[in-house]
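Colleague: I'm still new to reading models like this one. Could you take me through the hollow spaces inside it, and then show me what surrounds them?

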Amino acid sequence: MTTTDVTLPQVAAPDAPGGRRRVMGAGKHLHAGPVTYVVLALFAVISLAPLLWTVVAASRTNARLAQTPPPFWIGGNLFKNLERAWNEAGMGTAMLNTILVASAITVGTVLFSTLAGFAFAKLKFRFSSLLLLLTIGTMMVPPQLAVVPLYLWMSDLGWANQLQTVILPTLVSAFGTFFMRQYLVGALPTELIEAARVDGASSLRVVWHVVFPAARPAMAVLGLLTFVMAWNDFLWPIIALNGENPTVQVALNQLGTGYIPDDSVIMAGALLGTLPLLIAFLLFGKQIVGGIMQGAVKG
């Protein structure tokens, strides 16, 4: 058996200093210089600074935080403050409520946004452009304007201080619909849908076997963004729920009460509320970021 030599095609890189051009073989990676690593390290430190300060403040006493200069390293009261924040804010119930609320909102938003995005991207129906413009236009309305009528509506339904009050108004997202529409326009070939139709697939089978697999990377990204937004939502839950049935953000609001708020306990509560999101990013961040870079349809 003879071995055939394969020559990699040469790619001309941008001009190097002095007018020379660097030539690289295909498949080779560009390597950043030391300045790039310094800038990236600087941005990483700036991004992590609030989280590091939260850990430091949560491990100190309130009196030590009031001193000058402030502490710059972790103290010995971290677990004590975490326990106080957990008990005083009722974080056990709040965590369960928030997981339920954020998961329901995420599933509903991803499902309905994918279906609506597919309809706007690939189906032809009357007034589709007008409906899309109206959907995008709702993003320009401040959500604060809907608080009073929304609360009156939920009260008429008898859902005040119940979790469905927080879940129902956010099951559909205008941003999610627009995001999925823009993704499916390029990621889902019309020929693939027509081939499924020719094979006798119903609309439900087309959605399940063609649309969902093609939209999976964008669905993962939208799901992560929606989950984070639902977890951190404060305005509507603080209005719709009370202290007996709170989400995490409503529970954390109870730590700031009192004549002299204990900043160390407040920071400990904030750390407890942030840990689930950090764990989610550590477990699924790489797969989600990598998924959005992949093509939805492989040839």
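Modeller: Happy to, and let's start with the enclosed space. Keep in mind that this is a predicted model. The largest cavity has a volume of about 50 Å³, and the structure holds one cavity of 30 Å³ or more.

Which residues line the largest cavity? Walking along the chain, you meet Thr-98, Val-101 and Val-166, then Ala-230, Trp-231, Asp-233 and Pro-237, and finally Thr-247, Val-248 and Gln-249. Sorted by class, that lining has six nonpolar residues, three polar ones and one charged one. As for where they come from, at least two lining residues are supplied by each of helix H4 (91–122), helix H10 (203–232) and helix H12 (248–253).

Now for the open spaces. The largest pocket contains about 1,000 Å³ of space. Its lining is made of 28 residues, and those nearest its centre are Pro-143, Pro-169, Thr-170, Val-172 and Met-229. By class, the lining of the largest pocket splits into 21 nonpolar, six polar and one charged. Five elements are worth finding on your screen here: H4, H6, helix H8 (174–187), H10 and helix H11 (235–240) each give at least two residues to this lining. Which of them gives the largest share? That's H10, with five residues.

The second largest pocket has a volume of about 160 Å³. Around it sit Thr-106, Val-107, Val-110 and Leu-111, together with Phe-212, Met-219, Ala-220 and Gly-223. H4 and H10 are the elements that give two or more residues to this lining. You'll find six nonpolar and two polar residues in it, and no charged ones. So keep an eye on H4 and H10: each supplies at least two residues to the lining of the largest cavity, each does that for the largest pocket, and both turn up again at the second largest pocket.

Let's step back to see the setting. The protein has 13 helices and two strands. Of its 299 residues, 33% are buried. The protein exposes about 19,100 Å², with carbon and sulfur atoms supplying 68% of that. Then there's how the chain folds back on itself: take the contacts between residues at least 6 apart in sequence, and 68% of them join residues at least 24 apart.

For an example of parts that are distant in sequence but meet in space, try Asn-81 and Val-265. Asn-81 is in helix H3, while Val-265 lies in helix H13 (residues 263–292). They are 184 residues apart along the chain, but their C-alpha atoms are separated by 5.3 Å. Are these two buried or exposed? Asn-81 has a relative accessible area of 4%, so it is buried. Val-265 is at 2% relative accessibility, so it counts as buried too; the cut-off for buried is under 20%.

Who are their neighbours, leaving out residues up to four places away in sequence? Asn-81 touches Ala-58, Ser-59 and Arg-60, and also Ser-264, Val-265 and Ala-268. Val-265, in turn, touches Asn-81, Arg-84, Ala-85, Glu-88 and Leu-255.

Before you close the viewer, have a look at a few spots in the loops. Most residues other than glycine have a negative phi, and most peptide bonds are trans. Against that background, Phe-127 has a positive phi, near 60°. Phe-127 is in the loop between H4 and helix H5 (128–137), and at 52% relative accessibility it counts as exposed. Asn-161 also has a positive phi, near 65°. You'll find Asn-161 in the loop between helix H6 (147–156) and helix H7 (163–167). With a relative accessible area of 33%, Asn-161 is partly exposed.

The last stop is a peptide bond. The one from Thr-68 to Pro-69 is cis, with omega near 0°. Pro-69 is found in the loop between helix H2 (62–65) and helix H3 (78–89).

Technical notes:
Residues are numbered from 1 along each chain as its sequence is written. This is a predicted model: local features need pLDDT of at least 70, side-chain atom pairs count only at pLDDT 80 or more; totals for chains, interfaces and linings use all residues. Side-chain values use heavy atoms; hydrogens and water are left out. Helices (H or I, at least four residues) and strands (E, at least two) are DSSP runs, numbered from the N terminus. Buried means under 20% relative accessible area, exposed over 50%, partly exposed in between (1.4 Å probe, protein chains only). Contact means heavy atoms within 4.5 Å. Accessible areas come from the Shrake-Rupley method with a 1.4 Å probe; for residues, only the protein chains shown count as cover. On a 1 Å grid over the protein atoms alone, a cavity is a set of points where a 1.4 Å probe fits but cannot get out, and a pocket is an open set with protein on both sides within 12 Å along at least five of seven lines; lining residues have an atom within 4 Å of a point. Grid points are joined across faces, edges and corners, and a volume is the space filled by probe spheres set on the points. Ala, Val, Leu, Ile, Met, Phe, Trp, Tyr, Cys and Pro count as nonpolar, Asp, Glu, Lys and Arg as charged, and the others, Gly among them, as polar.
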